[in-house]
Amino acid sequence: MQRKFIVGNWKMNGALANNETLLKEVANGVAKMPGVDCAVCVPFPYLAQTQSLLHGTSIKLGAQNVHQANKGAYTGEVSVSMLSDFNCDYVIVGHSERRNLFGESSQLVAEKFASVQKAGLLPIICVGETLEQRETGITEAVVTEQLAEVSKLLGEQSFRTSVIAYEPVWAIGTGKTATPEQAQEVHAFIRKNIAGFDEEFGQALCILYGGSVNPTNAAELFSMPDIDGGLIGGASLVAEDFLAICNAGQK
Ligand code: PGA
């Protein structure tokens, strides 16, 4: 099994005046946890501040979105080469909030995924079903569709240089977590769906769980064989909580 990977997703939160305290506390805590890998995905305006505060730490920097084109007349958008300028390692693509609130299709998400990889950064691609889809029994079909466009565009092997985050929409920010068994079932499905019977490929895939992960439920979720870490929203804004989750991921 791989080392666990814990990624904070600040979403549209943070403030220039408060980020330093949070990041310093997190960096100090993570420095004492050699058994876990960490990253934080911050809003664009805080990339420079975060880059400088994380300098010399083991914590990687990420962004939460990107435009698929490399440059041009796209007012208000940010390209992957701009993210590279700040030494970002990761970019979240296809978060359910982007898909649902901003109408991003799986095809667009795949284009963003491609643009991130082309620049040598790692996409964190999010997939997951709504409550209605789960209750209708189409969870597997939904995540398959969300990943299929990437396979179509770049081939299955492209997932080797990416991170996949399974985030059931009904569990995001709701305090309602998938049970470890529910999450494990979908994670195992995703691994199999991408890697087939290629065991080495399957093991190389990094599949995170996201959706109301907190200090109380993290250890149990991370104990499941196909859960390689977590994508943490709300709890990543509180140093103590984020560190407790990182600690739960330590070997
Ligand atoms: P949450 O968000 O931990 O606040 O549920 C997770 C996410 O949306 O990435």
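Me: Which pocket does the ligand sit in?
Reply: Keep in mind that we're looking at a predicted model. To sit in a pocket, a molecule needs more than half of its atoms within 2 Å of the pocket's grid points. The ligand here sits in the second largest pocket.

Me: Okay, and which residues come nearest to the ligand?
Reply: There are 13 residues around it, counting those with a heavy atom within 4 Å. Of these 13, the ones that come nearest are Lys11, His95, Glu167, Gly173 and Ser212.

Me: How far is a polar backbone atom of glycine 173 from an oxygen atom of the ligand?
Reply: Let's go through the side chains before the backbone. Histidine 95 has a side-chain N or O atom 2.7 Å from a ligand oxygen, and glutamate 167 puts a polar side-chain atom 2.7 Å from a ligand oxygen. For glycine 173 it's a polar backbone atom, and the distance to a ligand oxygen is 2.6 Å.

Me: How much of the ligand's exposed area does the protein bury?
Reply: Start with the ligand taken alone, which exposes 280 Å². Of that area, the protein buries 94%.

Me: What about the protein's interior: how many residues does the largest nonpolar core have?
Reply: Ile6, Leu83, Phe159 and Ile190 are among the residues with the most contacts inside that core. Isoleucine 190, for one, touches Val127, Val143, Leu147, Ile164, Tyr166 and Ile207, leaving aside neighbours within four places in sequence. A second, separate core, including Val7 and Cys126, has 13 residues. The largest core has 63 residues.

Note on methods. Residues are numbered from 1 along each chain as its sequence is written. This is a predicted model: local features need pLDDT of at least 70, side-chain atom pairs count only at pLDDT 80 or more; totals for chains, interfaces and linings use all residues. Side-chain values use heavy atoms; hydrogens and water are left out. A nonpolar core is a set of buried Ala, Val, Leu, Ile, Met, Phe, Trp, Tyr and Cys residues joined through side-chain atoms within 4.5 Å. Buried means under 20% relative accessible area, exposed over 50%, partly exposed in between (1.4 Å probe, protein chains only). Contact means heavy atoms within 4.5 Å. A polar contact is a pair of N or O atoms within 3.5 Å; within protein, one must be able to donate a hydrogen and the other to accept it, and residues adjacent in sequence count only if both atoms are side-chain atoms. Accessible areas come from the Shrake-Rupley method with a 1.4 Å probe; for residues, only the protein chains shown count as cover. On a 1 Å grid over the protein atoms alone, a cavity is a set of points where a 1.4 Å probe fits but cannot get out, and a pocket is an open set with protein on both sides within 12 Å along at least five of seven lines; lining residues have an atom within 4 Å of a point.
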